[in-house]
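Visitor: I have a model open and want to learn to read it. Can you take me through its features one at a time?

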Amino acid sequence: MGRPVPKPTNITKPFWEATRQNKLVIQYCKDCGTYTWYPRPVCMKCMSRNLEWKEVSGKGKVYSYTITHIAPKGFEDQVPYIVASIDLDEGVRILSNIVDCKPDEVEIGMRVEVIFEDLSEDMKLPVFKPSK
Ligand SMILES: [Zn+2]
């Protein structure tokens, strides 16, 4: 069995359409000026529905991480891999993987930047690698 591929919903569709073009977009609240992650219909902070998708730099730093050694179904050929909370420079925290980095080389506070992995013919997954 291969790696599972996410199914876009009405709410997450703009996100997956952007990743296909190697762009990372995050919902931004036009009322209170806050980025919100993960995708949702209302702003996490002020409950406004006045959200737009904004392209972000894709740069940030590792807030925390864990190394996965026991693979969930579909990820058997990926272990060990790094799952990390990443604080983007825009001030929003997202959960992703860190690639091109050995598990013993990841550090809290390490600078990372987004790259896009092919998941299937028409889907790409944003993951992060150490910044040079
Ligand atoms: Zn808001």
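Guide: Start with the open sheet. Strands of a sheet pair through backbone hydrogen bonds, either parallel or antiparallel. This is a predicted model. In it, three strands make an open sheet, ordered S2-S1-S3, with antiparallel pairing.

Visitor: Which strands stand at the edges?

Guide: Strand S2 (35–36) and strand S3 (51–55) do. Each has a single partner strand, so one side of each is left without a neighbour in the sheet.

Visitor: How many bridges pair S1 with S3?

Guide: Five bridges, in the antiparallel sense, with S1 covering residues 25–29. Take Tyr28 as an example: its bridge partner in S3 is Glu52.

Visitor: Now the interior. How should I read a nonpolar core?

Guide: In soluble globular proteins, nonpolar side chains tend to be buried together. Here the largest nonpolar core has 19 residues. Tyr28 is among those with the most contacts inside it, as are Ala84, Ile86, Ile98, Val112 and Phe128.

Visitor: Which elements give two or more residues to this core?

Guide: S1, strand S5 (81–88), strand S6 (93–98) and strand S7 (111–120). S5 gives the largest share, four residues.

Visitor: Pick one core residue. What is Val112 in contact with, beyond its neighbours within four places in sequence?

Guide: Its contacts include Ile86, Ile98 and Phe128, which are also among the core residues with the most contacts. Gly60, Lys61 and Val62 are in contact with Val112 too. So are Lys129, Pro130 and Ser131.

Visitor: What joins S7 to S8?

Guide: A hairpin, through two residues. S7 and strand S8 (residues 123–130) run antiparallel and are joined by eight bridges. Within this pair, Ile115 stands opposite Val127 in S8.

Visitor: And side chains along a strand?

Guide: In a regular strand the side chains alternate between the two faces of the sheet. Keep that in mind as you step along one.

Visitor: On to the backbone angles. What is the usual pattern?

Guide: Most residues other than glycine have a negative phi, and most peptide bonds are trans. Look for departures from that.

Visitor: Which peptide bonds are cis here?

Guide: One joins Trp37 and Tyr38, with omega about 15°. Tyr38 sits in the loop between S2 and S3. Another runs from Val79 to Pro80, with omega near -10°. Pro80 is in the loop between strand S4 (59–68) and S5.

Visitor: Where is phi positive in a residue other than glycine?

Guide: Asn22 is one case, with phi near 60°. Asn22 lies in the loop between helix H1 (13–20) and S1. Met47 is another, with phi of about 65°. Met47 belongs to the loop between S2 and S3.

Visitor: Are these two residues buried or exposed?

Guide: Count C-beta neighbours inside 10 Å; 12 or fewer means exposed. Asn22 has 12, so Asn22 counts as exposed. Met47 is exposed as well, because 11 other C-beta atoms lie within 10 Å.

Visitor: Why does Gly33 count as exposed?

Guide: The reasoning is the same count: Gly33 has 11 C-beta neighbours inside 10 Å, so it counts as exposed. Gly33 is in the loop between S1 and S2.

Visitor: Last one. What separates Gly33 and Val83 in space?

Guide: Their C-alpha atoms are 28 Å apart. Along the chain, the two residues are 50 residues apart.

Methods: Residues are numbered from 1 along each chain as its sequence is written. This is a predicted model: local features need pLDDT of at least 70, side-chain atom pairs count only at pLDDT 80 or more; totals for chains, interfaces and linings use all residues. Two strands pair if DSSP finds at least two bridges between them. A nonpolar core is a set of buried Ala, Val, Leu, Ile, Met, Phe, Trp, Tyr and Cys residues joined through C-beta atoms within 7 Å. A residue is buried if 20 or more other C-beta atoms lie within 10 Å of its own, exposed if 12 or fewer, and partly exposed in between; C-beta atoms are placed from the backbone. Two residues are in contact if their C-beta atoms, placed from the backbone, lie within 7 Å.
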